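Colleague: Could you walk me through this model before I head back to the bench? I would like to go feature by feature.

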Amino acid sequence: MGGHGHGHGAPYKVPDANIYKVEDVPKLVEVREALARQGLKDPWLRNEVWRYNAKEFGTHASRLRTFMLRGFVLGLGLTAATVALETVFGGDDHHGHGHGEEGHH
């Protein structure tokens, strides 16, 4: 019962870090060379290589689009349902009542 997958192996496979190479990403090679010209080195630059693997992780634009639109269709549907229910069952909510319409001066 339950167990969240325990005993069935990991639900995902962590890739070997050695498959990510800065040389495979021209933009990161440029960064490495720019740093080298200033006498600097980034030992963690390889950790950014995965971000440029469009086949596996998509492009920056596609990840941003997915993030921004996640839940949009559900939200739009719920908004439309709310407006429809308010229109059908809400009736007149008397916005602006008590503003001189009853003869008070």
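Modeller: Happy to! A salt bridge here is a side-chain nitrogen of Lys or Arg within 4 Å of a carboxyl oxygen of Asp or Glu. This is a predicted model, where local features need pLDDT (the predictor's confidence in each residue, from 0 to 100) of at least 70, side-chain atom pairs count only at pLDDT 80 or more, and totals for chains, interfaces and linings use all residues. Residues are numbered from 1 along each chain as its sequence is written, and side-chain values use heavy atoms, leaving out hydrogens and water.

Colleague: Thanks! Which residue does Glu48 meet in a salt bridge?

Modeller: Glu48 is partly exposed, at 30% relative accessibility (buried means under 20% relative accessible area, exposed over 50%, partly exposed in between, with a 1.4 Å probe and protein chains only). Its partner also counts as partly exposed, at 38%. The N to O distance is 2.5 Å, and the partner is Arg51.

Colleague: How many salt bridges does a search of the whole structure find?

Modeller: Besides the pair of Glu48 and Arg51, Arg32 forms one with Glu23, with the closest N and O atoms 2.9 Å apart. Arg32 is partly exposed, at a relative accessible area of 35%. For the whole structure, the search gives 2.

Colleague: Which residues does Leu28 contact, leaving aside neighbours within four places in sequence?

Modeller: Leu28 belongs to the largest nonpolar core, together with Tyr20, Val22, Val25, Val29, Leu45 and Val49. Such a core is a set of buried Ala, Val, Leu, Ile, Met, Phe, Trp, Tyr and Cys residues joined through side-chain atoms within 4.5 Å. With contact meaning heavy atoms within 4.5 Å, the residues are Val22, Leu45, Glu48, Val49 and Tyr52.

Colleague: And where is confidence highest?

Modeller: The mean pLDDT of the protein is 81, and 77% of its residues reach 70 or more. There are 4 helices and 0 strands, counted as DSSP runs numbered from the N terminus (helices are H or I, at least four residues; strands are E, at least two). Confidence is lowest in helix H2 (residues 54–57), at a mean of 74, and highest, at 95, in helix H1 (residues 26–37).

Colleague: Last one: how far apart are the end C-alpha atoms of residues 67–85?

Modeller: An unreviewed UniProt entry places the feature "transmembrane region" there; such annotations may be inferred rather than shown by experiment. In the model, that stretch is 89% helix and 0% strand, and its end C-alpha atoms are apart by 29 Å.
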